[in-house]
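Here is a friendly walk through one protein model, written for someone who thinks at the bench. Have the sequence and the 3D view open while you read.

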Amino acid sequence: MAATDHNNIENKLYPVPECLTPSTPTPYVTSIEQYQKIYKESITHPTVFWGKLAKEMLHWHKPFETVVSGGFLHGDVTWFAEGELNASYNCVDRHAKENPDKIAIIHESDEPEQSRKISYGELLRDVNRLANTLKSLGLRKGDTVAIYLPMVPEAAVAFLACARLGIIHSVVFAGFSAEALRDRIQDAASKLVITADEGRRGGKTIHMKKIVDAAVNECPTVEHVLVFRRTGSEVPFQAPRDLWWHEEIRKHRPYCVPEVMNSEDPLFLLYTSGSTGKPKGVLHTTAGYLLGAMTTFKYVFDYHPNDVFGCMADIGWVTGHTYIVYGPLCSGATTVLFESTPIYPTPSRYWQVVAKHKITQFYTAPTAIRLLRKLGHEHVEGHDLSSLRVIGTVGEPINPEAWEWYNEVVGKKKCAIVDTYWQTETGSIVLSPLPGAIPTKPGSATFPFFGIALAVLDPVTGQELEGNGVEGVLAIKQPWPSMTRTIYNNHDRYLDTYLNVYKGYYFSGDGVGRDKDGYYWIRGRVDDVISVAGHRLSSAEIESALILHKAVAETAAIGVDDELTGQAVNAFVTLKPKYTDVTDAKELILQVRQTIGPFAAPKKIYIVSGLPQTTSGKIMRRILRKIVENKEDQLGDLSTLLNPSIIPVLIEKVRNS
Ligand code: PRX
């Protein structure tokens with residue numbers, strides 16, 4: 001898309017809100033010039049910049065000597081190489097020592113009246129008892145544990161207990177099906193699964209233990225399943241494999257010596273979708289990840305010691321890892337863990353929560369904002385939102401209308417809006433305005449965070465595009481501390497996906513524009529990754545699920561624009577000859593729900609007689625996307641198609657359904 005197409009929105013510039021320039025507390029960065037100065041230093045002298053921050057912000061058992069080594073060419077980046085530290089010590093012990101009564105976690109339960117507050121002192125004891133439990137089960141440094149938990153504080157306890165022992169946690173979002181969970185447990189060869197009897201969300205029950213049972217039946221590495229009692233309902237229980245959390249922790253003392261870890265030892269794995277059917281285990285290491293989480297938490301959200309930070313994401317995704325657990329806790333902050341949905345029991349729920357806990361920074365996804373905007377501003381009115389200073393979004397591009405609504409109705413034009421762009425792989429925010437410093441443009445994530453050397457590349461030549469008013473793909477040209485170091489057990493895939501595409505650069509997979517004022521605009525994925533309500537899926541993953549159905553011969557899944565969820569999944573399917581008149585689309589949708597999870601269900605399935613294929617057999621998803629978007633005049637070059645006569649048939653089919 002040409003830069004000029006965006007001119008109208010690019011010209012809208014919002015100054016930093018009055019109350020942030022300078023109010024109490026004064027923002028850390030108060031002008032764009034100051035941001036530019038710090039940014040320049042961070043890029044020119046990364047060793048000085050990050051070395052200083054790492055010393056100041058983290059507690060080291062042994063100091064590091066080398067700040068950064070290695071690079072993108074060989075995929076051998078390391079940060080703070082000789083340093084030794086422990087993530088749970090950094091997130092809990094040091095704050096519990098100083099301020100044991102400070103609230104670490106506010107649990108806002110699915111049912112509003114059941115909130116719970118946990119102090120740093122309590123968190124320390126809980127983490128230690130669980131760490132001792134894990135130790136007694138034979139788990140050791142380097143083992144992996146799968147965490148499949150609802151949004152309860154015990155999820156954070158589980159993360160940190162693993163981190164205390166150097167066990168690599170692999171959290172699987174509680175919306176994933178048994179099959180998706182099984183694949184992730186198998187890939188990481190996890191020895192333990194930590195789950196709950198059931199989860200609760202939006203008044204509904206999620207049968208977590210049953211899902212885990214179905215998954216674990218096919219996972220020979222799993223020795224135990226540790227079950228947290230969330231609802232108390234009767235669930236199947238298989239001794240001696242299954243153990244109750246509350247019974248096990250009772251056996252152990254609340255102190256466990258933290259394992260001293262090297263900076264580059266793995267902290268966690270998080271599976272995410274790429275362009276193949278098989279999800280990749282993105283691996284993050286200890287020191288660099290924590291430093292990225294802490295610095296972005298401090299500067300992007302302008303976190304100050306008495307703030308109450310409310311990130312509405314799920315701990316099953318990277319946003320929950322970095323901005324519910326590690327960023328806030330490593331900073332000694334009070335973090336809100338929200339179990340429910342924006343509309344349960346009413347569409348005022350978010351605002352009730354903000355008012356009740358006096359949240360100062362509120363962080364959610366554009367999809368939630370679009371939904372609440374649609375339901376009407378009356379649900380926001382009457383709630384005291386005066387505690388808010390910074391309101392943020394993440395996960396997908398935010399359309400200017402939703403941004404304006406967020407600014408006016410929620411922020412009352414007094415809050416800084418931070419549209420934060422980042423990825424599971426980047427570990428922490430890489431592009432965002434800084435409150436107090438950067439004038440915003442609705443829909444633009446504005447400028448790179450400190451230490452992020454952004455480049456816009458020509459997608460074809462790989463040449464870096466200089467100057468303003470350019471469009472290309474987003475790449476990063478210098479290592480940053482919280483970048484993923486590898487894909488679990490598949491370093492070649494890591495190199496091929498991120499570092500070999502454009503030599504010398506980290507390739508994000510996103511299209512980007514840099515406008516005439518140097519502001520960045522994320523245009524969306526340039527690969528086959530689909531984002532549904534901010535949940536990342538791939539075409540291949542959905543196709544692999546559909547093809548498992550006995551009637552399906554061939555399939556192509558695409559992401560199409562959706563007013564509420566940003567993108568929705570649509571799939572085209574051809575059937576095997578003997579099934580042509582029996583199968584209906586509902587059955588196929590169910591197939592995807594069962595294989596991946598309900599959030600991946602295609603919104604629409606077209607059963608067709610053929611798919612557009614190139615002579616080399618490649619299905620042209622791009623053409624299908626244009627047909628669904630009613631852009632038949634933009635189908636492009638069809639000369640490489642094996643079966644061009646299928647195009648009018650597909651157009652007809654889409655129009656009539
Ligand atoms: O396409 C970008 C989109 O989400 C992708 C990363 O997804 P995931 O790894 O699941 O992490 C989501 C939460 C960090 C990116 O490649 N994305 C994320 N944030 C934004 C965004 N697109 C536009 N604007 C954003 N602020």
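Let us begin with strand 17, where both faces are covered: Thr334, Val336 and Phe338 on one side, and Thr335 and Leu337 on the other, are all buried. Buried here has a set meaning: 20 or more other C-beta atoms lie within 10 Å of the residue's own, while 12 or fewer makes a residue exposed and anything in between partly exposed, with C-beta atoms placed from the backbone. Helices (H or I, at least four residues) and strands (E, at least two) are DSSP runs, numbered from the N terminus. Five of the five residues of strand 17 (residues 334-338) are buried, so the rest of the structure largely encloses it.

Before going on, two notes on the model itself. It is a predicted model, in which local features need pLDDT of at least 70 and side-chain atom pairs count only at pLDDT 80 or more, while totals for chains, interfaces and linings use all residues. Residues are numbered from 1 along each chain as its sequence is written.

**Strand 17 and its partners**

Which strands pair with strand 17 in the parallel sense? Strand 4 (residues 103-108) does so over four bridges, and strand 16 (residues 308-311) is joined to strand 17 by three bridges, also running parallel. Two strands count as paired if DSSP finds at least two bridges between them. Isoleucine 106 has valine 336 of strand 17 as its bridge partner, and phenylalanine 309 has threonine 335.

**An eight-stranded sheet**

Elsewhere, eight strands form an open sheet of mixed pairing, in the order 12-11-8-6-7-14-15-23. Its edge strands are strand 12 and strand 23 (486-487), each pairing on one side only. Strand 11 (residues 224-228) has five of its five residues buried. His224, Leu226 and Phe228 lie on one side of strand 11, with Val225 and Val227 on the other. That pattern fits a general rule: in a regular strand the side chains alternate between the two faces of the sheet.

Three of the parallel pairings in this sheet are set out below.

| Strand pair | Bridges | One bridge pair |
|---|---|---|
| Strand 8 (residues 192-196) and strand 11 | five bridges | alanine 196 and phenylalanine 228 |
| Strand 11 and strand 12 (residues 242-244) | three bridges | valine 225 and aspartate 242 |
| Strand 6 (residues 144-148) and strand 7 (residues 168-171) | four bridges | threonine 144 and isoleucine 168 |

**Two helices to look at**

In helix 13 (residues 366-375), the buried residues are Pro366, Thr367, Ala368, Ile369, Arg370 and Leu372. What covers them includes strand 18 (361-364), strand 19 (390-394), helix 14 (400-410) and strand 29 (566-575). Just after helix 13, glycine 376 takes a positive phi of about 110 degrees.

Helix 3 (residues 46-57) contains glycine 51. Is glycine 51 buried or partly exposed? Glycine 51 counts as partly exposed because it has 18 C-beta neighbours inside 10 Å. The C-alpha atoms of glycine 51 and valine 67 are separated by 5.8 Å, although the two residues are 16 apart along the chain.

**Around the ligand**

The ligand is surrounded by 22 residues, and the closest are Tyr421, Gln423, Thr424, Ile522 and Arg536. A residue is near a molecule or strand if its C-beta atom, placed from the backbone, lies within 6 Å of it. Helix 11 (318-330), strand 20 (416-420), strand 24 (506-514) and strand 25 (520-525) each supply at least two residues of this shell. Strand 24 gives the most, with three residues. By type, the shell divides into eight nonpolar, nine polar and five charged residues.

**The whole chain**

The protein chain has 19 helices and 30 strands. Its radius of gyration, taken over C-alpha atoms, is 24 Å, close to the 26 Å that the globule rule gives for 657 residues, so the chain is as compact as a globular protein of that length. That rule is 2.2 Å times the number of residues to the power 0.38. Along its principal axes the C-alpha trace spans about 70 × 65 × 55 Å. Buried residues make up 54% of the 657 residues.

The UniProt record, an unreviewed entry, gives "domain: AMP-dependent synthetase/ligase" for residues 93-480. Over residues 93-480 the chain is 31% helix and 22% strand. UniProt positions are in the numbering used here, feature names are shortened, and annotations may be inferred rather than shown by experiment.

Definitions and conventions. Nonpolar A, V, L, I, M, F, W, Y, C, P; charged D, E, K, R; others polar. Contact = placed C-beta atoms within 7 Å.
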